[in-house]
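Take a walk through this protein chain, one charged side chain at a time. Keep the model in view as you read.

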Amino acid sequence: SKMKKILSVFLACVLLVGCICTLASCGKSLSGAYEAEVELFGQSASTTYDFSGKKVEIITKTKLLGNINTETVKGTYEIAEADGELEITITTEKDGEEVSNTYTLEEGDGYIKIAGIQYNKVD
């Protein structure tokens with residue numbers, strides 16, 4: 001049946017991904033959304049990092065003159081340990097070019113800190 005075939009293909013993919021992760025000794029990963037609110041020039045803005053697997057969506061909402069402007073940037077991320085400190089490297093694409101930035105990362109109970117800015121878990 002079609003359903004069985006889809007299921008077996010899906011399971012094969014899951015197993016394959018699992019094997020790849022084991023080989024690459026899957027680094028740490030984050031999941032869920034974390035948000036920080038900031039004041040910019042008297043205007044409120046929020047940045048949300050939404051982690052899923054190795055992907056991240058960075059959603060920035062700025063409120064300007066009553067209008068809410070939402071910008072979403074999609075990318076991938078990697079977490080590495082350097083000198084006992086965690087680092088997160090976020091790779092996004094801008095105008096067809098890949099841009100990678102590395103920041104310090106700190107994980108706490110219900111929050112993360114990227115480059116010293118605290119983002120609280122959104123649920």
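**Charges on the strands**

Start with Glu 85, which sits in strand β5, residues 85–94. This is a predicted model. Glu 85 has 53% relative accessibility. Exposed means over 50%, so Glu 85 counts as exposed. Glu 85 also belongs to a negative surface patch. Its partners there are Glu 81, Asp 83, Glu 87 and Glu 106.

Now turn to a buried residue. Ser 46 lies in strand β2, residues 43–52. Its relative accessible area is 8%. Buried means under 20%, so Ser 46 is buried. What does Ser 46 touch, leaving aside its neighbours within four places in sequence? Ser 46 is in contact with Glu 35, Ala 36 and Glu 37. It also contacts Ile 59, Thr 60 and Lys 61.

Next come the charge pairs. Side chains of opposite charge can pair when their charged atoms come close. The structure holds two salt bridges. One joins Lys 28 and Glu 107, at 3.0 Å from N to O. Lys 28 lies in the loop between α1 (2–23) and β1 (32–40), and Glu 107 lies in strand β6 (97–108), so the pair ties together parts 79 residues apart in sequence. Lys 28 is partly exposed at 40% relative accessibility. Glu 107 is partly exposed too, at 37%.

Lys 74 forms a salt bridge with Glu 57, and their closest N and O atoms are 2.6 Å apart. This pair links strand β4 (residues 67–82), home of Lys 74, with strand β3 (residues 55–64), home of Glu 57. The two residues are 17 residues apart. Lys 74 is exposed, with a relative accessible area of 57%. Glu 57 is partly exposed, at 26%.

Note on methods:
Residues are numbered from 1 along each chain as its sequence is written. This is a predicted model: local features need pLDDT of at least 70, side-chain atom pairs count only at pLDDT 80 or more; totals for chains, interfaces and linings use all residues. Side-chain values use heavy atoms; hydrogens and water are left out. Patches are made of residues with over 30% relative accessible area and no salt bridge: like charges are joined within 9 Å, nonpolar side chains (Val, Leu, Ile, Met, Phe, Trp, Tyr) within 5 Å. Accessible areas come from the Shrake-Rupley method with a 1.4 Å probe; for residues, only the protein chains shown count as cover. A salt bridge is a side-chain nitrogen of Lys or Arg within 4 Å of a carboxyl oxygen of Asp or Glu. Lys and Arg count as positive and Asp and Glu as negative; His and the chain ends are not counted. The place of a charge is taken as NZ of Lys, CZ of Arg, CG of Asp or CD of Glu. Helices (H or I, at least four residues) and strands (E, at least two) are DSSP runs, numbered from the N terminus. Buried means under 20% relative accessible area, exposed over 50%, partly exposed in between (1.4 Å probe, protein chains only). Contact means heavy atoms within 4.5 Å.
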